[in-house]
Each structure stands twice: as structure tokens, then as C-alpha cells.
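User: Hi! Could you walk me through this protein? I'd like to start with how its residues get sorted into classes.

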Amino acid sequence: MPKITFFNLPEDKKTILIKAAREEFSRVPLSQASITNIIKAAGIPRGSFYQYFEDKEDAFFFLLNEHVKENKQRFASILIKNNGDLFSTMLEFYESIISEEEENLHFLKNIFLNMTHQIESTYARSFHDNQDRNSDYNMFAGLVDQKKLNITNEQELACMGQIIIAVTIRSFIEKFARELPNEEALEHYKMEMELLKRGLAK
């Protein structure tokens, strides 16, 4: 979590610092990122960086959490547009992510190809938040048309959601690791979602 001095920055300076950090985390994964590059691009002294963030991990997870907030809004909007159809929503959401601008894709590639438990848990909150089931989870559960799903209770809905999230994250990893064209990645993801939708047993 950034320090209060970061949030008190004028918007233009905050934007410059965020842009510099995002460029660095898009260039290389977190482990290889350099605070020197961030402060040089932002035009600030090293001491100032530590007035805003604890370390580079703090800056990275701030950006990741901001990305997740945007994804939550995007996911909810698509779910509403699709009248609660979860599988149609997942396909549209997946396609929207892999079709982002190039810099965003480099940022995502570094996220997915250097996945840790903390990064995975943070990204999974794009769909729901196990740490606050009374807010995000209940909102998404209320938007999903559960009549279209072969589930009998909220526990099964949550479990199904976790399975879909795991498959989706693995599909992102495969897309970036194999450098699949968007069309091929989407077709493969469609097959995975169709298998989950139909069920795997006769």
C-alpha cells in the first residue's frame, strides 16, 4: 500500500510516477525491475520514491491492484450486458484482456509468466474477493444467472468460480508463454469453457 504522501501528490506528478513504474514493470518482471529506472523516468530523487512506496514490490502491487479494480468493473459490466450468462461473460472478458494495448500486454505478460501465489491471489480478485465475501462476492453472485448453472447452493457457485478462474489464469499463461496469436488463444479458451460448460463425465 503506497504511503499517504503518494496519495497527497498533485495529480500530474502522481500520473508521471505511475507511468514510470508501469513502463518499468512492463519492460521486465518484478524481480528484475529497477527503482533507478523508475526514478529516472519520473524525474524524482531516490529518497522521494521511498516517501511514496516502501519498495518496488509496494509499487508493483499498487499497480496490480489498480488493474484488478479496472477488471472488476469490466467483468461486472460484461456480466450485466450478457444478462448474467457466466460462460459468455468469461469468453468476452478473456478476449478483452488479450486485446489490450501493447504496453498493457507486456505488463500482463510479466505478471502471468512470473506468477506467484500472491500475484495469483491478487489477480483472482478480478472476479471475486475471498477476503471480503460480503461485498464483491455477493455482488457478482447476484449478477450471475444461476438458473443456467448446474449448481444447488452458494458453496457450489463459489467452487465453480474458483475452477473457472484457475482455468482462465492458466490459459493466460499459455497464451503468453507460447506467444499464441489472439485468435488461436481465444479458440483454445472457448474449447476449455465449452468442456466445463458441458461437464467432463458421460
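Analyst: Happy to! Ala, Val, Leu, Ile, Met, Phe, Trp, Tyr, Cys and Pro count as nonpolar, Asp, Glu, Lys and Arg as charged, and the others, Gly among them, as polar. Keep in mind that this is a predicted model.

User: Cool. How do the residues lining the largest pocket divide into nonpolar, polar and charged?

Analyst: That lining has nine nonpolar, three polar and six charged residues.

User: And how much space lies in the largest pocket?

Analyst: About 420 Å³. There are 18 lining residues, and Phe-87, Asn-150, Met-160, Leu-196 and Lys-197 are the closest to the pocket's centre.

User: Which helix gives the most to that lining?

Analyst: That would be α10, with five residues. At least two lining residues come from each of α6 (86-98), α10 (154-177) and α11 (182-198).

User: Let's zoom out. How many helices and strands does the protein have?

Analyst: The count is eleven helices and zero strands. The C-alpha trace spans about 65 × 40 × 30 Å along its principal axes. Of the protein's 202 residues, 47% count as buried.

User: What about the largest nonpolar core, how many residues has it?

Analyst: It has 60 residues. Those with the most contacts inside this core are Leu-17, Phe-25, Phe-53, Phe-60, Leu-86, Tyr-123 and Leu-149. Helix α5 (residues 56-81) gives the most to the core, with ten residues.

User: Let's pick Phe-60. What does it touch?

Analyst: Leaving out residues up to four places away in sequence, Phe-60 touches Phe-25, Leu-30, Phe-107, Ile-111 and Ile-119. Phe-25 is itself among the core residues with the most contacts.

User: New topic: what does UniProt list for residues 11-71?

Analyst: An unreviewed UniProt entry lists that span as "domain: HTH tetR-type". In the model, residues 11-71 are 79% helix and 0% strand, and the C-alpha atoms at the two ends lie 22 Å apart.

User: I also spotted Glu-24. Which helix is it in, and is it buried or exposed?

Analyst: Glu-24 lies in helix α2 (residues 11-27). Glu-24 counts as buried because its relative accessible area is 4%, and the cut-off for buried is under 20%.

User: Which residues is Glu-24 in contact with?

Analyst: Setting aside neighbours within four places in sequence, Glu-24 is in contact with Gln-32, Ala-33, Ser-34, Asn-37 and Ile-38.

User: Last one: among contacts between residues at least 6 apart in sequence, how many join residues at least 24 apart?

Analyst: In this protein, 64% of those contacts do.

Methods: Residues are numbered from 1 along each chain as its sequence is written. This is a predicted model: local features need pLDDT of at least 70, side-chain atom pairs count only at pLDDT 80 or more; totals for chains, interfaces and linings use all residues. Side-chain values use heavy atoms; hydrogens and water are left out. UniProt positions are given in the numbering used here, feature names are shortened, and annotations may be inferred rather than shown by experiment. Helices (H or I, at least four residues) and strands (E, at least two) are DSSP runs, numbered from the N terminus. Buried means under 20% relative accessible area, exposed over 50%, partly exposed in between (1.4 Å probe, protein chains only). Contact means heavy atoms within 4.5 Å. On a 1 Å grid over the protein atoms alone, a cavity is a set of points where a 1.4 Å probe fits but cannot get out, and a pocket is an open set with protein on both sides within 12 Å along at least five of seven lines; lining residues have an atom within 4 Å of a point. Grid points are joined across faces, edges and corners, and a volume is the space filled by probe spheres set on the points. A nonpolar core is a set of buried Ala, Val, Leu, Ile, Met, Phe, Trp, Tyr and Cys residues joined through side-chain atoms within 4.5 Å.
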